[in-house]
Amino acid sequence: MQKKFKRSFDEIAHIVGETERFFDRAQIEPALRTPVDLCIEELFVNMVTYNTESEQEILLEMSAIEGGIEVCLTDFDVDRFDPTELREVDVDAPLAERTPGGLGVYLVLKMVDSIHYEYHDRQSRISFQIKAGKENV
């Protein structure tokens with residue numbers, strides 16, 4: 001499945017609908033839907049929020065793999081932002097002492113089995129895999 005979405009938070013409901021249809025067609029383990037939807041939403045929201053220099057649509061690709069799903073999000077005409085680079089997130093600190101930002105990507109990294117980032121020609125591509133059997137956060 002490949003589909004482009006406008007750079008708008010309103011698209012999240014449409015993305016969730018596409019995920020639901022893809023899971024049904026590809027007969028992917030239904031228990032994977034929630035972590036997949038959460039990861040897609042977090043990465044999509046980050047692209048819309050932080051890559052404001054682009055007006056191009058964001059490409060979502062999903063494919064069934066053995067035991068799960070692979071998802072790719074591609075953002076066009078943007079600066080480099082690698083979510084796989086480690087950032088310190090102190091999840092044990094009291095809320096008042098935490099620095100805002102980073103928690104969503106931290107959760108994505110905990111939920112996926114693998115994640116990969118590519119950047120070239122102002123094109124940012126994040127792909128991740130989630131497979132059945134993993135305890136997702």
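**Exercise 1.** Which residue is the bridge partner of Ile65 in β3?

*Solution.* The model is predicted: local features need pLDDT of at least 70 and side-chain atom pairs count only at pLDDT 80 or more, while totals for chains, interfaces and linings use all residues. Residues are numbered from 1 along each chain as its sequence is written, and side-chain values use heavy atoms, leaving out hydrogens and water.

Step 1. Helices (H or I, at least four residues) and strands (E, at least two) are DSSP runs, numbered from the N terminus; two strands pair if DSSP finds at least two bridges between them.

Step 2. β2 and β3 run antiparallel and are joined by seven bridges.

Step 3. Within this pairing, the partner of Ile65 in β3 is Gly68.

Step 4. The two strands form a hairpin with two residues between them, and Gly67 in the turn has a positive phi of about 80°.

**Exercise 2.** Determine the strand order of the sheet and identify its edges.

*Solution.* Step 1. The open sheet consists of five strands in the order β1-β2-β3-β5-β4, with antiparallel pairing.

Step 2. β1 (2-5) and β4 (114-120) are the edge strands, each pairing on one side only.

Step 3. From one strand to the next, the twist averages 15°.

Step 4. At the β1 edge, four bridges link β1 to β2 (residues 58-65) in the antiparallel sense. Lys4 has Leu59 as its bridge partner in β2, and Phe5 has Ile58.

**Exercise 3.** Describe how the helices α1 and α2 are placed on the sheet and against each other.

*Solution.* Step 1. Contact means heavy atoms within 4.5 Å. Axes are lines fitted to C-alpha atoms, for helices over the stretch in contact, and angles run from 0 to 180 degrees between N-to-C directions.

Step 2. Helix α1 (residues 12-26) packs on the sheet and touches β1, β2 and β3 (68-76), its direction making about 20° with that of β2.

Step 3. Helix α2 (residues 33-50) lies across β1, β2, β3 and β5 (123-131) and runs at about 165° to β5.

Step 4. The two helices pack at an angle of about 145°, with their axes 10 Å apart. Residues of this contact include Ile15, Val16 and Phe23 of α1, and Val36, Ile40 and Phe44 of α2.
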